[in-house]
Amino acid sequence: MSTSTQHTNDTNSNSRHDNDEISVHLCEDNVGRHASHTDLIIATLPKSGTIWLKALAFAIINRSHYPSSSSSSENYHQHPLLTISPRDLVPFVDFKQLYPDNRLLDFTKNSTNHDSPCRLIATHVPYPSLPESIKITATNCKIVYLCRNPQDNFSSLWLFMNKARAMPMLNNNNASLSMDEAFDYFCDGVQEFGPYWDHVLGYWKESIKNPDKVLFDKYENLKKEPKTQTKRIAEFTGCGFSSEEENQGVVEDISSLCSFENLKNLDVNKNGTWRGTIQNKEFFRKGEVGDWKNYLTPIMIKTLDGLMKEKLHGSGLVF
Ligand code: A3P
């Protein structure tokens, strides 16, 4: 039996949960919500492909309940990713104000009706600020971190934030920031959950120190080799694909289900609105590597190159 089948069919995982649960307050406001051994934490900086990783993790973890292809099963049409935004399937713990109707989120079901083998929880919080008990190696909960090259991360963030600023529902209603202004902020480390380099380095260093605890992946790698990276994430989470699954094309099915083109064109992601605030389509813009070339000036490129060389120097992390 493959690791994956063992994991997904492990009916003892709940008792393991009950007996052994580590009480962890995910953040101070979340009293009553605890991380447990089987939790999978999805960590990113905003605009690094969070929604993509959420979709992939959900599809991987829940594949025994929800097959990812119509050719392999009729149940495909009930796949939650076809009708629910990945943002809702894998909630953030960071944005209490965005969940006024449900302050105590029920992470145990990840918005579906079956008992998920593990809870999927998303965060943008930098590694050093995570609750201690998530970080300790004695807790089996794992973290998958997805980072994106700084140029694309910045461009995507700038474009997105200017849309968000204009939204009355978010009470921002601020004038848009010029690219020059936004760039200066980025380089000064002034951004939500930033600075960029501290965020990526925090998870990078931890992934080297504790490779069983933190998996560090790059948006660019996922784009280049979706199948290999999907397998890597699955193996890391203890849900590796069996050879039978591989022969049946399950890895490709999951990659296709979660591909930009597929997710972007689903009705929920095209026409839905996320919690009455922002349209889901804003999270599916271009989904490309290197789109920054259409925005950054030569001076900005040089400045960012120099800054990253300085900040990442000696870490082994390169883009
Ligand atoms: P762009 O603005 O460059 O298009 P986040 O989810 O962290 O907010 O990241 C959003 C970015 O990821 C956007 O980048 C979005 O288009 C891209 N994205 C969303 N879904 C994707 C997918 N399935 N594959 C690749 N990129 C995706």
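Two strands are said to pair if DSSP finds at least two bridges between them. Helices (H or I, at least four residues) and strands (E, at least two) are DSSP runs, numbered from the N terminus.

Good morning. The model before you is predicted: local features need pLDDT of at least 70, side-chain atom pairs count only at pLDDT 80 or more, and totals for chains, interfaces and linings use all residues. Residues are numbered from 1 along each chain as its sequence is written, and side-chain values use heavy atoms, with hydrogens and water left out.

I begin with the sheet. It is open, with 4 strands in the order 2-1-3-4 and parallel pairing. Strand 2 (120-123) and strand 4 (214-218) each have a single partner strand, so one side of each lacks a neighbour in the sheet. Strand 1 (residues 40-44) runs parallel to strand 3 (residues 142-147), and 5 bridges join them. Which residue of strand 3 is the bridge partner of threonine 44? That partner is leucine 146.

Next, the helices. Helix 3 (residues 50-61) lies across strand 1, strand 2 and strand 3, at about 160° to strand 1. Contact here means heavy atoms within 4.5 Å. Axes are lines fitted to C-alpha atoms, for helices over the stretch in contact, and angles run from 0 to 180 degrees between N-to-C directions.

Finally, the interior. A nonpolar core is a set of buried (under 20% relative accessible area, 1.4 Å probe, protein chains only) Ala, Val, Leu, Ile, Met, Phe, Trp, Tyr and Cys residues joined through side-chain atoms within 4.5 Å. The largest has 48 residues, with Leu81, Leu120, Ile254 and Cys258 making the most contacts inside it. Helix 3 supplies its largest share, 10 residues.

Notes. Buried means under 20% relative accessible area, exposed over 50%, partly exposed in between (1.4 Å probe, protein chains only).
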